[in-house]
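Colleague: I'm new to reading protein models, and I'd like to learn how to go through one feature by feature. Could you walk me through this one?

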Amino acid sequence: TNGKRNSLAYYMWINEHFPPQICEWQGPASGEPFRQIYVARKPRDLEAAVVDPPEADCDFQSDPMTCNFATRQYSSDPADRFECEGKGWKRTQNPSGWGVENGHFIVWMRTAGLPNFRKLFGKVDQDLAKGTKVKVTIDNRYATAEHNGAKYIVLSTSSFIGGKNSFLGISYCVVGGCCIVFAIVFLFRHWSNPRKLGDVQWIQWHDGNSMFLPPGCPIRRRKAA
């Protein structure tokens, strides 16, 4: 059915973009210029490719799980295969998890409370000197232009309490100030006209039934109009 096919296609899309194994570049010391490497798709003949959802070319039954890679996205052509061996490239298990348990996928799918928001993708474990140029390769997996949206990459410093978020700080100050004002108003109201807590004289009974009161407690009856 179409529902089952769409569910399978979504599952394969997740595994293709968040695979169990990645091809990691070891850095500029290797002398190899960086290029984006993708998870390959399983080879299919033309007829089957129309009917069946595309599958990520990964062996999920092996331990550890392995994947084949390609130099072009969504490619199943053997000519685009990339072995990911030598010259600074290395196969490694995805440190962020794979599939729906991938940390990047979980953060992205978490609903934001505001139309403009930030989501943490990762952190830099080494110190960056002022003026350092950072090159970022973007793989746009979710288009936002269709609904007039936009995405940006922001590099910022953080502390032990997190990153910069002025909205939350202002909100906490406003709510805290309101609580202090209400506390002063209620305290003044209590001092000006105190009420003795637990006084049964404030209890009003319509039918005069005193079975709910302890023995000896006075009953304040409302006078008939």
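**Reading the bridges, the core and the sheet**

Modeller: Let's start with a link you can find on screen: cysteine 23 and cysteine 84 form a disulfide, with their sulfur atoms 2.1 Å apart. Cysteine 23 sits in strand β1 (residues 21-25) and cysteine 84 in the loop between β6 and β7 (89-93), so this pair ties together parts that are 61 residues apart in sequence. Keep in mind that this is a predicted model.

Colleague: Okay, but what is a disulfide in general?

Modeller: It's a covalent bond between the sulfur atoms of two cysteines. In this model, the link of cysteine 23 and cysteine 84 is right-handed, with 105° about the S-S bond.

Colleague: How many disulfides does a search of the whole structure find?

Modeller: Two. The other one joins cysteine 58 to cysteine 67, again with an S to S distance of 2.1 Å. The link of cysteine 58 and cysteine 67 is right-handed too, with 110° about the S-S bond. If you number the bonded cysteines of the chain in sequence order, the pairing reads 1-4, 2-3.

Colleague: And why is cysteine 178 not bonded to cysteine 179?

Modeller: Look at the sulfurs. The closest cysteine sulfur to that of cysteine 178 is in cysteine 179, and at 7.0 Å it is too far for a bond. Cysteine 179 is in no disulfide.

Colleague: Are the bonded cysteines 23 and 84 buried or exposed?

Modeller: The trick is to read the relative accessible area, where under 20% means buried and over 50% means exposed. Cysteine 23 has 14%, so it is buried, and cysteine 84 is buried with 3%. In the other bridge, cysteine 58 is buried at 6%, and cysteine 67 is buried at 1%. Now go back to the cysteines without a bridge: cysteine 178 is partly exposed at 37%, and cysteine 179 is partly exposed at 47%.

Colleague: What's the general idea behind a nonpolar core?

Modeller: In soluble globular proteins, nonpolar side chains tend to be buried together. Here, the largest nonpolar core has 10 residues: Cys23, Ile37, Val39, Ala56, Cys58, Cys67, Phe69, Phe82, Cys84 and Trp89. You'll recognise Cys23, Cys84, Cys58 and Cys67 in that list.

Colleague: Which residues does valine 39 touch?

Modeller: Leave out residues up to four places away in sequence, and valine 39 touches Glu16, Pro19, Gln21, Ala56, Asp57, Cys58, Asn68 and Phe69. Phenylalanine 69 also turns up in the sheet, as the bridge partner of valine 39 in β5.

Colleague: How do I read that sheet? Which order do the strands β2, β5 and β6 have?

Modeller: Just go from strand to strand and note who pairs with whom. It's an open sheet of three strands in the order β2-β5-β6, with antiparallel pairing. The edges are β2 (38-39) and β6 (81-82), and each has a single partner strand, so one side of each is left without a neighbour in the sheet. Between β2 and β5 (residues 69-70), the antiparallel pairing runs over two bridges.

Colleague: What about the rings? How many aromatic pairs does the structure hold?

Modeller: Five. One of them is phenylalanine 82 with tryptophan 89, an edge-to-face pair at 5.4 Å centre to centre and 80° between the planes. Phenylalanine 82 and tryptophan 89 are both buried. Ring pairs also link Trp25, Phe82 and Trp89 into a cluster.

Colleague: Can we zoom out? How many helices and strands are there in the chain?

Modeller: Four helices and seven strands. Reading along the sequence, you get the pattern α-β-β-α-β-β-β-β-β-α-α. Of the 225 residues, 17% count as buried. The accessible surface is about 18,300 Å², and 58% of that belongs to carbon and sulfur atoms.

Colleague: One last practice residue: is leucine 120 buried or exposed?

Modeller: Leucine 120 is exposed, with a relative accessible area of 64%. You'll find leucine 120 in the loop between α3 (103-109) and α4 (166-192). Measuring C-alpha to C-alpha, leucine 120 and histidine 104 are 8.3 Å apart in space, while in sequence they are 16 residues apart.

Key: Residues numbered from 1 in each chain as written. Predicted model: local features only at pLDDT ≥ 70, side-chain atom pairs only at ≥ 80, totals over all residues. Heavy atoms only, no water. Core = buried A, V, L, I, M, F, W, Y, C linked by side-chain atoms within 4.5 Å. Buried < 20%, exposed > 50% of the residue type's maximum accessible area, 1.4 Å probe, protein only. Contact = heavy atoms within 4.5 Å. Pairing = 2+ DSSP bridges. Areas by Shrake-Rupley, 256 points an atom, 1.4 Å probe, with all protein chains shown as cover. Disulfide = S-S within 2.5 Å. Phe/Tyr/Trp six-rings, centres within 6.5 Å; stacked < 30°, edge-to-face > 60°.
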